[in-house]
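Work through the exercises below with the sequence and the model side by side. Try each task before reading its solution.

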Amino acid sequence: MEAQAYHMTTSGGGSKEEDNRIRVREDRTIARALQILQKRASLPGEVLGGATQGALFFRLRLGGENREHFEVAFLNTQFQLIAVERLFSGTIDAAEVHPRIVVQRALAHNASAVLMAHNHPSGNLQPSASDRAVTARLKAALDTVDVRLLDHFVVTSHEVVSMASQGMV
């Protein structure tokens, strides 16, 4: 599953100061888009359980990060957003993920399902062996408390891959 690419606008040879002003404006636009998306996702009747909605949601949240982060969206029985939390942060190429914490937070939110995502600042879109292993561990841990893992997204600055759509969840 790939979301549409977002390409940064530059002034095409303008000054560094002008490029910085453009980036600040774009960052504000992205932040506002994220607020709108999160508000819409949490409206009664709005569903975040689909791969397309989840991919866009997490790409806006994680696509521009320069360190690896792991986030979880907690959903109710109708796949409506209860909350989203950044549970783990790491280095440029790794973030240690603890299934115990994910399960604790899911229970604290009384979630019946979760969407998970982490970013690859390197730009490599392919889930690593470690990504696949942690997904399997998280799925098993969540299954013990009847919380469904709907998808795990790998996010880069331009694309998102759904591990569920590739049969990895």
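Four exercises follow, each with a worked solution.

This is a predicted model, in which local features need pLDDT of at least 70, side-chain atom pairs count only at pLDDT 80 or more, and totals for chains, interfaces and linings use all residues. Residues are numbered from 1 along each chain as its sequence is written, and side-chain values use heavy atoms, with hydrogens and water left out.

**Exercise 1. The inventory**

Task: State how many helices and strands the protein has, and give their order.

Solution. Helices (H or I, at least four residues) and strands (E, at least two) are DSSP runs, numbered from the N terminus. The protein has 4 helices and 5 strands. Read from the N terminus, the elements run α-α-β-β-α-β-α-β-β. Of the 169 residues, 40% count as buried, where buried means under 20% relative accessible area, exposed over 50% and partly exposed in between (1.4 Å probe, protein chains only).

**Exercise 2. The sheet**

Task: Find the order of the strands in the sheet and identify its edge strands.

Solution. Two strands pair if DSSP finds at least two bridges between them. The 5 strands form an open sheet in the order S2-S1-S3-S4-S5, with mixed pairing. The edge strands are S2 and S5 (160–162), each of which pairs on one side only. From one strand to the next, the twist averages 20°. Helix H2 (residues 51–62) packs on the sheet and touches S1, S2, S3, S4 and S5; its direction makes about 50° with that of S4. For such angles, axes are lines fitted to C-alpha atoms, for helices over the stretch in contact, and angles run from 0 to 180 degrees between N-to-C directions. Contact means heavy atoms within 4.5 Å.

**Exercise 3. Strand S3 and its partners**

Task: Describe the surroundings of S3 (residues 113–119): is the strand mostly covered or mostly open?

Solution. Start with burial: S3 is mostly covered, with 7 of its 7 residues buried. Next, sort the side chains by direction. Ala113, Leu115, Ala117 and Asn119 point one way, while Val114, Met116 and His118 point the other way, and all are buried. Then take the partners. S1 (residues 69–75) runs antiparallel to S3, and 6 bridges join the two. S4 (residues 148–155) runs parallel to S3, and here there are 7 bridges. Ala113 illustrates both pairings: Leu75 stands opposite Ala113, and in S4 the bridge partner of Ala113 is Arg148.

**Exercise 4. Helices H3 and H4**

Task: Classify the crossing of H3 (residues 99–108) and H4 (residues 129–143), and list the residues that make the contact.

Solution. The two axes come within 9 Å and cross at roughly 40°. H3 is therefore oblique to H4; angles under 35 degrees count as roughly parallel, over 145 as roughly antiparallel, 65 to 115 as roughly perpendicular and the rest as oblique. The crossing is right-handed, that is, the near helix is turned clockwise from the far one by less than a right angle. H3 contributes Pro99, Val102, Val103 and Ala106 to the contact, and H4 contributes Arg137, Leu138, Ala141 and Leu142. By class, this contact has 7 nonpolar, no polar and 1 charged residues. Ala, Val, Leu, Ile, Met, Phe, Trp, Tyr, Cys and Pro count as nonpolar, Asp, Glu, Lys and Arg as charged, and the others, Gly among them, as polar.
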